[in-house]
Amino acid sequence: MPKVLVSDPIDQVGIDILSQVATVDVKTTLSPEELIQILPEYDAIMIRSGTKLTKEAIEAGKNLKIIGRAGVGVDNVDVPTATRMGIVVVNSPEGNTIAAAEHTLAMMMSLSRFIPAANQSLKGGKWDRKSFTGVEVYKKNLGILGLGKIGSHVASVAKSLGMRVLAYDPFLTAERAEKLGVNLVDLEILLREADYITLHLPKTKDTAHLINAERIAIMKDGVRIINCARGGIIDEVAIADAIKSGKIAGIALDVFENEPLEADSGLRELGDNVILTPHLGASTEEAQTNVAVDVAEQIRDVLLGLPARSAVNIPGLRPDVWQKLKPYLQLAEMLGNLVGQLAGGRVDTLNVKLQGEIANSESQPIVVAALKGLLSPALRERVNFVNASIEAKERGIHVTETRDPSVEDYSGSIHLTAHGNQGQQSVTGALLGKSEIRITSINEFPINVAPTHYMLLTLHRDMPGIIGRIGSLLGNFNVNIASMQVGRRMVRGEAVMVLNIDDPLPSGLLDEIVHIQGVTDAFVVKL
Ligand SMILES: NC(=O)C1=CN([C@@H]2O[C@H](COP(=O)(O)OP(=O)(O)OC[C@H]3O[C@@H](n4cnc5c(N)ncnc54)[C@H](O)[C@@H]3O)[C@@H](O)[C@H]2O)C=CC1
Ligand SMILES: O=C(O)C(=O)COP(=O)(O)O
């Protein structure tokens, strides 16, 4: 049974799903050193924001196949390292959207009406009404930074509260903003016009300290800011200064540059207009069930050899698309392996052509499968669907894709052309029935071969005697021929022969075959 480590608190429903296929260890108090020490034992790890999967930790996870983030943000995971190591990283893109949006709205209302402070005052024995005169959000400008899933939900509720919504999101189309009834503006306009600013973007090197002293200076006096996205997008020192000077009327933070927030953080000392929650955005019963199910199912599937539906480092495939593409992925992988061996290593270009009924399919998984096959003789089990594209890129393989729906020889076929040490070579393959793989051309010579473990391919003149001579030579060396196929474009022209052989070719024999008169080239292929 594979082993899964759960290193942050996850809803039991997720543990139950994982337990169907794996031994599950729940250890939620590990230090970074302890994590690194035990990670080599595990095939998968399931985390929330509490566990930091650094480069060092991931590299320690020699047996990891998948990292499951039961939530959205993967900024606590060194995704490039995981990708390089062929570890799939999955998250739950939508499981906690509503929870985070509702927490944001609760923060906005709490800021406007001093609810936490009023509650504390009353419980402290006072009946103080005059200190807590708030403001209304009705007819105020709400500026949303990052109009993705959470930002969009906040926008729609804010509009129903009578707010005017402005958004800054350089990756969003004007049509989408229009559909949401939001004014898409540039950052400076948003900062100048907003009465409330809320953040809903990921933390990246572009968004680090996006809200800094300079940008605070151009905001309206008395602005209120909410951050339920990520700590570090706001410069905490600048924000504390602006609170103290009165420039900002209030701030609500759910996330911090360092989590847990240091006990002596200056933010804890600020007044009633500063509301802090300990990263509770996703902490609803509903969201925790959603993310646990979503991510545990993906871990289970990947451990069973199935694709993940929302991987952040490989294209996710819906199960129905996967079912349709699966035999083609196997075909592409075999063809990639074959064409790579024919091209003789050091491949610098690969073209993947999708023909017939698959010409309009999602091409990326097929291209990745072809690359995996191409690189597998060199990298063996080190290459997989996660890292094949990166490995190819690092080796300088230039990949192109083409499509030709008009090819009708088979319902769908894949044609690969690769250039390497042995020049340019091409192969085509198709499916017989739903899943039987056939090689249907080699260097544009039509054939129909079921691939086997060992194959001998020759390019030769189509003339009497050649095939017999090759056959006798193999016989002399006790190599058994399982089947044979010859393809040619014209009588007595060039031809290709594929022999499925039961045994590996003894050393030196290939050389003798190439020296047979009329043989132009010969290749041994091991699939
Ligand atoms: N406090 C909490 O517990 C939770 C926090 N989050 C965080 O909330 C954030 C948003 O999550 P979702 O809406 O699900 O993500 P999303 O991916 O749907 O939306 C993010 C949006 O930010 C935009 N964006 C990216 N870079 C930008 C930039 N430089 N400037 C402006 N916009 C930019 C993107 O175009 C996208 O529309 C993430 O950081 C996530 O980690 C999510 C769930 C719970
Ligand atoms: O999903 C996210 O990005 C979150 O920030 C939620 O974090 P959590 O799973 O509650 O530690």
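How many bridges pair strand 15 with strand 16, and in which sense, parallel or antiparallel? Strand 15 (residues 412-420) and strand 16 (residues 423-432) pair over 8 bridges, in the antiparallel sense. This is a predicted model. The points below cover two open sheets, the helices across them, two ligands and three single residues.

**The sheet with mixed pairing**

- Strand 15 and strand 16 belong to an open sheet of 6 strands. The strand order is 14-13-15-16-17-18, and the pairing is mixed.
- Strand 14 (398-404) and strand 18 are the edge strands. Each of these two pairs on one side only.
- On average, neighbouring strands of this sheet are turned by 20 degrees against each other, with direction ignored.
- One bridge links His-419 to its partner Gln-424 in strand 16.
- Strands of a sheet pair through backbone hydrogen bonds, and they do so either parallel or antiparallel.

**Helices across this sheet**

- Helix 13 (residues 319-343) lies across four strands: strand 13 (349-356), strand 15, strand 16 and strand 17. Helix 13 runs at about 155 degrees to strand 16.
- Helix 14 (residues 364-379) lies across strand 13, strand 14 and strand 15. The angle between helix 14 and strand 13 is about 135 degrees.

**The parallel sheet**

- Another open sheet has 7 strands in the order 8-7-6-9-10-11-12. Its pairing is parallel.
- Strand 8 (183-184) and strand 12 (274-276) stand at the edges. Each has a single partner strand, so one side of each is left without a neighbour in the sheet.
- Strand 8 runs parallel to strand 7 (residues 164-168), and 2 bridges join them. Leu-166 stands opposite Asn-183 in strand 8.
- Helix 7 (residues 149-160) lies across strand 6 (141-145), strand 7 and strand 9 (196-199). Helix 7 runs at about 170 degrees to strand 6.

**A glycine beside strand 12**

- Gly-271 sits in the loop between strand 11 (248-253) and strand 12.
- Gly-271 has a relative accessible area of 40%. Residues between 20% and 50% count as partly exposed, so Gly-271 is partly exposed.
- Gly-271 and Ala-117 are 154 residues apart along the chain, yet 9.0 Å separates their C-alpha atoms.

**Ligand 1**

- There are 25 residues around ligand 1. Lys-149, Ile-150, Asp-169, Leu-201 and Asp-254 come nearest.
- The side chain of Asp-169 has an N or O atom 2.6 Å from an oxygen atom of ligand 1.
- Two backbones also approach oxygen atoms of ligand 1. A backbone N or O atom of Gly-281 lies at 3.4 Å, and one of Ala-282 lies at 3.2 Å.

**Ligand 2**

- The residues around ligand 2 include Arg-48, Ser-49, Asn-96, His-279 and Ala-282.
- Arg-69 places a polar side-chain atom 2.8 Å from an oxygen atom of ligand 2.
- For Arg-230, a side-chain N or O atom is 2.7 Å from an oxygen atom of ligand 2.
- Val-72 uses its backbone: an N or O atom there lies 2.6 Å from an oxygen atom of ligand 2.

**Asn-443, a loop residue**

- Asn-443 is found in the loop between strand 17 (436-442) and strand 18 (445-449).
- Is Asn-443 buried or exposed? Its relative accessible area is 16%. Buried means under 20%, so Asn-443 is buried.
- Leaving out residues up to four places away in sequence, Asn-443 touches Gln-424, Gln-425, Ser-426, Leu-459 and Arg-489.

**The ACT region and His-460**

- An unreviewed UniProt entry lists residues 455-527 as "domain: ACT".
- Over residues 455-527 the chain is 23% helix and 42% strand. The end C-alpha atoms are 8 Å apart.
- His-460 lies in strand 19 (residues 454-461). His-460 counts as buried because its relative accessibility is 2%.
- The side chains of His-460 and Thr-458 make a polar contact at 3.0 Å.
- Beyond its neighbours within four places in sequence, His-460 is in contact with residues including Ile-466, Ile-467, Glu-494, Val-496, Met-497 and Val-519.

Technical notes: Residues are numbered from 1 along each chain as its sequence is written. Chains are lettered from A and ligands numbered from 1 in the order in which they are written. This is a predicted model: local features need pLDDT of at least 70, side-chain atom pairs count only at pLDDT 80 or more; totals for chains, interfaces and linings use all residues. Side-chain values use heavy atoms; hydrogens and water are left out. Two strands pair if DSSP finds at least two bridges between them. Contact means heavy atoms within 4.5 Å. Axes are lines fitted to C-alpha atoms, for helices over the stretch in contact, and angles run from 0 to 180 degrees between N-to-C directions. UniProt positions are given in the numbering used here, feature names are shortened, and annotations may be inferred rather than shown by experiment. Buried means under 20% relative accessible area, exposed over 50%, partly exposed in between (1.4 Å probe, protein chains only). A polar contact is a pair of N or O atoms within 3.5 Å; within protein, one must be able to donate a hydrogen and the other to accept it, and residues adjacent in sequence count only if both atoms are side-chain atoms. A residue is near a molecule or strand if one of its heavy atoms lies within 4 Å of it.
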